[in-house]
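Subject: A structure to look through

Dear colleague,

I am handing over a structure for you to look through, with the sequence beside it. Please open it first, and then read my notes below with the residues in view.

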Amino acid sequence: MNIDSIQRGIVLDHIQSGRSMDIYRYLHLNELECSVAIIKNVKSEAMGRKDIIKIDDAIDIDLDVLGYIDPGITVNIIENGVITEKKKLQLPRQLTNVITCKNPRCITTAEPSLPQIFRLADEKRRVYRCMYCDAERSKK
């Protein structure tokens with residue numbers, strides 16, 4: 001398999017195998033005009049298997065979304081065909097408009113224009129709580 005290198009753009013590496021399509025949807029990569037390559041089930045010594053996403057343009061990426069989906073992702077910024085910056089992710093302390101509250105009594109149900117704000121309550125279990133009603137959402 002031959003995937004061309006990119007001259008200017010972003011490579012999302014160390015994605016848990018099978019998670020690349022979640023990232024594709026959450027980041028709305030289907031709306032981009034540039035090339036996007038998804039490479040699934042790549043052999044990895046450290047991870048066993050991993051996914052990689054190559055974006056052939058320098059775009060703004062929501063690192064909170066990436067950290068929520070998979071905090072182990074490495075974001076590589078590419079300029080002139082060379083990695084110029086590597087960003088290691090972690091679980092975001094707060095998420096805004098990434099997930100929605102499932103509590104039917106939450107104010108966000110009656111007022112859908114309110115931002116959906118969640119704070120990290122338990123890092124080990126990856127549990128977030130709604131800022132309005134304290135309902136729990138976990139990411140496994």
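A good place to begin is Leu12, which, when residues up to four places away in sequence are not counted, touches Ile23, Leu27, Asp51, Ile52, Ile53, Ile61, Leu66, Ile73, Thr74 and Val75. Please keep in mind while you look at these contacts that the model is a predicted one.

Leu12 also belongs to a wider group, since it is listed, together with Ile23, Leu27, Leu66, Ile73, Val75 and Tyr128, among the residues with the most contacts inside the largest nonpolar core, which has 28 residues. At least two residues of this core are supplied by each of strand S1 (9-16), strand S3 (48-55), helix H2, strand S4 (74-79), strand S7 (117-122) and strand S8. Which element gives the largest share of this core? That element is H2, from which four residues come. Apart from this core lies another one, made of five residues, and among them are Ile6, Val11, Ile39 and Ile78. As background for reading both groups, nonpolar side chains in soluble globular proteins tend to be buried together.

It may help to step back now and consider the whole protein, which has three helices and nine strands. Read from the N terminus on, these elements follow the order β-α-β-β-α-β-β-β-α-β-β-β. The C-alpha atoms fill a box of roughly 50 × 35 × 25 Å when it is taken along the principal axes, and of the 140 residues in the protein, 39% are buried. If you take the contacts with a separation of 6 or more, you will find that residues 24 or more positions apart account for 55% of them. The accessible surface comes to about 8,500 Å², and carbon and sulfur atoms hold 44% of that surface. As for charge, the protein has 22 positive and 20 negative charges, and the mean positions of these two sets are 8 Å apart.

Next, the aromatic rings. The structure holds one aromatic pair, formed by Tyr68 and Tyr128, whose rings are arranged edge-to-face, with 5.6 Å from centre to centre and 70° between the planes. Because Tyr68 lies in helix H2 (residues 63-69) and Tyr128 lies in strand S8 (residues 127-130), the pair ties together parts that are 60 residues apart in sequence. Are these two tyrosines, Tyr68 and Tyr128, buried or exposed? Both of them are buried, and Tyr128 is, as noted above, one of the residues with the most contacts inside the largest nonpolar core.

Two residues deserve a careful look for their backbone angles. His14, which lies in strand S1, has a phi near 60°, a positive value in a residue other than glycine, and with a relative accessibility of 24% this histidine, His14, counts as partly exposed. Arg126, which lies in the loop between S7 and S8, likewise has a phi near 60°, again a positive value in a residue other than glycine. Where Arg126 is concerned, the relative accessibility is 15%, and because buried means under 20%, Arg126 counts as buried.

The loop between S7 and S8 also contains Lys124, and this lysine, Lys124, is exposed, with a relative accessible area of 79%. The C-alpha atoms of Lys124 and Leu91 are separated by 9.9 Å, while the two residues are 33 residues apart along the chain.

Finally, please look at the region around strand S5 (82-88). Asn80 is found in the loop between S4 and S5, where it is exposed with a relative accessible area of 67%. Asn80 and Ile55 are 25 residues apart in sequence, and from C-alpha to C-alpha they are 14 Å apart in space. Lys87 has its place in strand S5 itself and counts as partly exposed, at 28% relative accessibility. Leaving aside neighbours within four places in sequence, Lys87 is in contact with Leu63, Ile73, Thr74 and Val75. The C-alpha atoms of Lys87 and Asn76 are separated by 6.5 Å, and these two residues are 11 residues apart along the chain.

With best wishes

Terms used. Residues are numbered from 1 along each chain as its sequence is written. This is a predicted model: local features need pLDDT of at least 70, side-chain atom pairs count only at pLDDT 80 or more; totals for chains, interfaces and linings use all residues. Side-chain values use heavy atoms; hydrogens and water are left out. Buried means under 20% relative accessible area, exposed over 50%, partly exposed in between (1.4 Å probe, protein chains only). Contact means heavy atoms within 4.5 Å. Accessible areas come from the Shrake-Rupley method with a 1.4 Å probe; for residues, only the protein chains shown count as cover. Lys and Arg count as positive and Asp and Glu as negative; His and the chain ends are not counted. The place of a charge is taken as NZ of Lys, CZ of Arg, CG of Asp or CD of Glu. Rings of Phe, Tyr and Trp (its six-membered ring) pair if their centres lie within 6.5 Å; planes under 30 degrees apart count as stacked, over 60 as edge-to-face and the rest as tilted. A nonpolar core is a set of buried Ala, Val, Leu, Ile, Met, Phe, Trp, Tyr and Cys residues joined through side-chain atoms within 4.5 Å.
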